[in-house]
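Got your viewer open? Let's take a short walk, picking one thing to select at a time.

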Amino acid sequence: TTTKADRGVLYLLYLCEVNGVSLEQYRPFLWGACALEHYKARQDLGLLLWKQPGPQEVLDLVDRQLLQVSSHRFPLEAELEPIDPFAVVESQQVTAANQRQDTLYDPSFFLPMLSHLLDSGNYVDCRKFVNVGCLGYLFASLCSKSSHVRMAGCHTLSRFSTHLDGASFREKAQIVMVFDALKNSLVGTSERLPSLFASFLPTVAHIFMHPEHHLYRAIAYHLASRATLDLADIPLYRTFLLSSGDQHHQERAWILRILVEGLRCAEDYPIFRKRRALSHVMSLYHLSSTTKEVRDLILQLMLKASSIPFVAIDLVWNLGILPWLQQVLLSGEKVVCVEILQSLWKCLNANDALQSVPVAAAQDEELVCIKKQVKKPPLFEEELVLTITSALLNSHVNVV
């Protein structure tokens, strides 16, 4: 994982290999209690009686829940080459890994391991590979900001495709459909997918392995009706967010979870703005038919959006988030509103708030106009104080 101890072990293995020590006889690597038992048996029995671990033993060690979280929160800044976690490095990657990503599988270990498992000389149970979540993790790797990680993900997906061609299991046609749609959408191996698809594709792969899922039919119809994925759009956005069917509450909650997990940096925002996603969900919040689950997801989305400087500026300048928050305060969601206000204040007072604008947003006249103006709109402080005062008058909130 990306914990400091695990990254330290991985770095030691990396130093061994770069200094000429071959570890090939120990591959594939095992970990945990199983590794201790397996390598002890190797020492006791000798190489002649010892059974080399195979792909199935490795897949049994994978924590499915942790791998699912690792896919949806794939460390975008991580590089393929292991780093020394004990060195004092002033880099955003190491800081983020130490603070927020200590419970994820490390791409610098997991991607090479999956590539080794999918070697042409190995037999891999493709159904188990997908069920565990390994395919979803490979999809998520294509959203990395590192070109080396993306190319490693493409290489491993290509190996899996070879195994998939010769496999036979009940859900194969649906997995091939997702695989082909993604393959037909990519221009090259170095193209980065928006973070939205790091959540969408693993979730779709998981649903296709469970035909009883209530969204199976709608998602299958969506993918079957087109040969490619529109990587500049939010898949199933209008279908689910504006749904009026019997399961519209579940469909709205599902697409909102994809939006919450898919907005991670400024480069992800142009897709949201193209669909006016934030303004739509802000309007949806006040509808009487909106459930508490959906309202909570909307607030999570706005909290994530307000923590990204480029997005926070658009929220204040164009989307009227401060008046919207005043209305939300009346519904009793005081604590989350104060957190959003705090994020907005930090972002709009940051020195580098407008230094980097996503390339895809360069054609947006409103955002370009904002970049040419001052950071904060006129009377921003006065309106912010008014909103905070409303929060304090309606309840006792501890503001630090």
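Here is a tour of one helix and a few salt bridges, in what is a predicted model.

**Stop one: helix H17.** Select residues 292-306. At 1.5 Å a residue, these 15 residues should span 21 Å, and the end C-alpha atoms are indeed 21 Å apart, so the two values agree. Now show the side chains that are buried here: Val294, Leu297, Ile298, Leu299, Leu301, Met302, Ala305 and Ser306. What do they pack against? Colour helices H14, H15, H16, H18, H19 and H20 to see their partners.

**Stop two: from H17 to H14.** Stay on H17 and pick Glu293, then add Arg257 in H14. Their side chains meet in a salt bridge, 2.3 Å from N to O. The two residues are 36 residues apart in the chain. Arg257 is partly exposed at 36% relative accessibility, and Glu293 is partly exposed too, at 40%.

**Stop three: Arg127 and Glu171.** Next, select this pair; the closest N and O atoms are 2.9 Å apart in a salt bridge. Arg127 sits in helix H7 and Glu171 in the loop between H9 and H10, so the bridge ties together parts 44 residues apart in sequence. Is each end buried or partly exposed? Arg127 is partly exposed, at 29%, whereas Glu171 is buried, at 1%.

**Last stop: a network.** Select Glu77, Lys145 and Glu267, which are linked by salt bridges. Between Glu77 and Lys145, the closest N and O atoms are 3.2 Å apart. Both of these residues lie in loops, 68 residues apart. Want to keep exploring? The whole structure holds 12 salt bridges.

Conventions
Residues numbered from 1 in each chain as written. Predicted model: local features only at pLDDT ≥ 70, side-chain atom pairs only at ≥ 80, totals over all residues. Heavy atoms only, no water. Helix = DSSP H or I, 4+ residues; strand = E, 2+ residues; numbered from the N terminus. Expected span 1.5 Å × (residues − 1). Buried < 20%, exposed > 50% of the residue type's maximum accessible area, 1.4 Å probe, protein only. Contact = heavy atoms within 4.5 Å. Salt bridge = Lys/Arg side-chain N within 4 Å of Asp/Glu carboxyl O.
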